[in-house]
Amino acid sequence: MCPKTSKTTPLLLIGGIVFVIILVAITGITLINNINLSNIIRLNEKVASDSVSANDNQIKELNYVNNHPKNLNVKPHNNDTDEPGDARSEDQIRQEMSSLMETEAESESEPKLSAVIWQNAQKSKFLAKANVSMTPPSLSSSPSPSSSQALPLGGATDTPSGGDDLIDYEKRAQIVKMMEHAWHNYKLYAWGKNELRPLSQRPHSGSIFGSYDLGATIVDGLDTLYIMGLEKEYKEGRDWIERKFSLDNISAELSVFETNIRFVGGMLTLYAFTGDPLYKEKAQHIADKLLPAFQTPTGIPYALVNTKTGMAKNYGWASGGSSILSEFGTLHLEFAYLSDITGNPLYRERVQTIRQVLKEIEKPKGLYPNFLNPKTGKWGQLHMSLGALGDSYYEYLLKAWLQSGQTDEEAREMYDEAMLAIMDKMVRTSPNGLTYVSDLKFDRLEHKMDHLACFSGGLFALGAATRQNEHTNKYMDVGKGITNTCHESYIRTPTQLGPEAFRFSDAAEARALRSQEKYYILRPETFESYFVLWRLTHDQKYRDWGWEAVLALEKHCRTAHGYCGLRNVYQQEPQKDDVQQSFFLAETLKYLYLLFSDDSVLPLDEWVFNTEAHPLPIKGANIYYRQAPVTLPASNAS
């Protein structure tokens, strides 16, 4: 007898197979989504957690590099692989920007708390919702605001001084988007570390601050977020600083100069903006860690200090163990302001000692060599430069005078004397009429100008605009000339971005001739001069030049995961260096953003920018100076 077979069995079998196939498909899709979201999930856990395992707290040895991005010629980071990123044509970029503005116009959602995108009526509405006053107290009232009074997000303390005509909303909105792209990818792949490697999608352990979790990009970029009105991102950074930032138990040889301009300067700016005591405490904490470097026979500090042991030293390559002019000469703004807001004169005393040494020392032909021995107080090799090794010392002479409310006459006199000597001995004009400032070695002009020296266009112009005397016209002419030359160094490359250094000879003008001079590491100095000259002249060409640079950055430096420098600006499709420098957020994007802003956003008669573009308030002219009411006696700490 044959067994009876049910007719429903094949149907059930087929249905079961179909169900399994559908289940596998759903599971696969879910798995893929989970994989794509894994980085974000891990990031959220990292940001939210206040505790880390003992293994995570193990600090790796610092791979400290001698080449400092701010004041030395830096070789681009080497990696064996490179990616094209998401390079786009200029037409594509322009089309994206156009569609961006159309989308914003169609959207009815409320904008972020920012001076970036709104008209005045919208701005009043949303500031009112946030309980932020648009009108600052009178300068004739109390010299210091209350601790709860902060500079409004967006950086403007008043309605636009020139009306909407002086605000380019579309271009400024694009730069905000660049900042968001840089910040969000840093947060995703390198949060708490110093810098991001966008192509590798991991932290940059070769940073000048090494592999320690110092959050250099956070501290350096936070005031830019504040100025742009990016409130959510700003609060993320502040929260990290409160919970995580400390130099205690960091056994690392840190650059006194770089730590001062990025970390001390960044914290001081944030304190001025907000009145939040957290930032003042952190600034003092960092400065105290640097003080052992000042323990020298002359008071000229060493370049490097171990923040745990207090041991300090100079670079072995620096002219027989000398200190570097642009490093020990670039402490005055931060240390003087720190004394004023803490009431402790110690910090000002340390930098005033440096000032006196430099004032009294004999200067060959009125010029300052780049190297000074901190033990003997004698100059090293006779190499003078307004670029690497010298640059920001001269900047801080003028800006110390400005910061003091133009009462520090000693600083202004030293600035004028130095600039007159530089104009006489180092500023030259090429056969085709380009003004440049050459390095000088042992009385021989090199006819080479560093990209770092491109800040001096703004420096000369600012010197002209802040004091009328017999040098005013010459200062302004040189400032405009240098800025034009730096622009020429950009537009004479296929990428429209400038090389690290460029030369002047019978063969070429404003062009790099050596392979090690052809890279671009997202530097800001040229844009700094565009910004200053725009503020002083309102000549449209400076905005046009800045926008050219934005297009070039978007085309060649942007990747899917941040921004990179270029290894050779003279190539049509240059390789990227896989480093998003912290100063790209602190300086480059800030100066470009301000270039398209109204003059009421950080006005130059109320704020002075340190050499890392951190704005510090001017004494007697700025209600956010926040001077301490009581001056304490200097301590014996050193």
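Hi everyone. When I say that two residues touch, or are in contact, I mean that they have heavy atoms within 4.5 Å of each other. Please keep that in mind for our first stop, Asn370. One caution before we start: what you see here is a predicted model.

So, where is Asn370? This residue is in the loop between helix H11 and strand S7, which covers 371–372. Leaving out residues up to four places away in sequence, Asn370 touches Ser323, Ile324 and Leu325, then His383, Met384 and Ser385, and also Ala388, Leu389 and Gly390. With a relative accessibility of 0%, Asn370 counts as buried. From Asn370 to Asp391 there are 21 residues in sequence, and their C-alpha atoms are 9.4 Å apart in space.

Let me step back to the whole chain for a moment. There are 18 helices and 19 strands. The chain has 638 residues, and 58% of them count as buried. If you take the contacts with a separation of 6 or more, 72% of them are between residues 24 or more positions apart.

Now to helix H10, residues 332–342. How many of its residues are buried? Eleven of its eleven, so I'd call this helix mostly covered, taking buried to mean under 20% relative accessible area. The buried residues include His332, Glu334, Tyr337 and Asp340. And what covers them? The cover includes helices H7, H8, H11 and H12, along with strands S18 and S19.

Just past the end of H10 there are two residues to look at. Gly343 takes a positive phi of about 80°. Then comes Asn344, in the loop between H10 and H11, the latter running over 346–360. The side chain of Asn344 reaches the backbone nitrogen of Leu346 at 3.0 Å. Asn344 has 10% relative accessibility, so this residue counts as buried.

One of the helices that cover H10 is H12, so let's go there next, to residues 391–403. Does the length of this helix agree or disagree with what we'd expect? At 1.5 Å a residue, its 13 residues should span 18 Å, and the end C-alpha atoms are 18 Å apart, which agrees. H12 also has a kink of about 25°, centred on Leu397. As for its surroundings, 13 of the 13 residues are buried, so H12 is largely enclosed by the rest of the structure. Just after H12, Gly405 takes a positive phi of about 75°.

Next, the aromatic rings. The structure holds 32 aromatic pairs, and I'll show you two of them. In the first, Phe209 and Phe263 meet edge-to-face, with 5.0 Å from centre to centre and 90° between the planes. This pair links distant parts of the chain: Phe209 is in the loop between strand S2 and helix H5, Phe263 is in helix H7, and 54 residues separate them. Both Phe209 and Phe263 are buried.

The second pair takes us back to H10. Tyr337 and Tyr625 are also edge-to-face, at 4.9 Å centre to centre and 65° between the planes. Which parts of the chain does this pair tie together? Tyr337 lies in H10 and Tyr625 in the segment after strand S19, so the pair joins parts that are 288 residues apart in sequence. Tyr337 counts as buried at 0% relative accessibility, and Tyr625 counts as buried at 5%.

Rings can also join up into a group. Here, ring pairs link Tyr490, Tyr520, Phe527, Tyr530, Tyr542 and Trp545 into a cluster.

There are also places where a charge sits over a ring. The charged end of Arg412 sits over the ring of Trp401, 4.7 Å from its centre. Likewise, the charged end of Lys171 is placed over the ring of Trp547, at 5.1 Å from the ring centre.

My last stop is Val579. You'll find this residue in the loop between strand S17 (562–563) and helix H18 (582–595). Val579 is buried, with a relative accessible area of 2%. In sequence, Val579 and Gly206 are 373 residues apart, while in space their C-alpha atoms are 9.4 Å apart.

If you'd like to explore after the meeting, try H10 and the residues that cover it, with H12 among the elements around it. Thanks for listening!

Technical notes: Residues are numbered from 1 along each chain as its sequence is written. This is a predicted model: local features need pLDDT of at least 70, side-chain atom pairs count only at pLDDT 80 or more; totals for chains, interfaces and linings use all residues. Side-chain values use heavy atoms; hydrogens and water are left out. Helices (H or I, at least four residues) and strands (E, at least two) are DSSP runs, numbered from the N terminus. Buried means under 20% relative accessible area, exposed over 50%, partly exposed in between (1.4 Å probe, protein chains only). A polar contact is a pair of N or O atoms within 3.5 Å; within protein, one must be able to donate a hydrogen and the other to accept it, and residues adjacent in sequence count only if both atoms are side-chain atoms. The expected span of a helix is 1.5 Å times one less than its number of residues. The bend at a residue is the angle between axes fitted to the seven residues ending there and the seven starting there. Rings of Phe, Tyr and Trp (its six-membered ring) pair if their centres lie within 6.5 Å; planes under 30 degrees apart count as stacked, over 60 as edge-to-face and the rest as tilted. A charge sits over a ring if NZ of Lys or CZ of Arg is within 6 Å of the ring centre and within 35 degrees of the ring normal.
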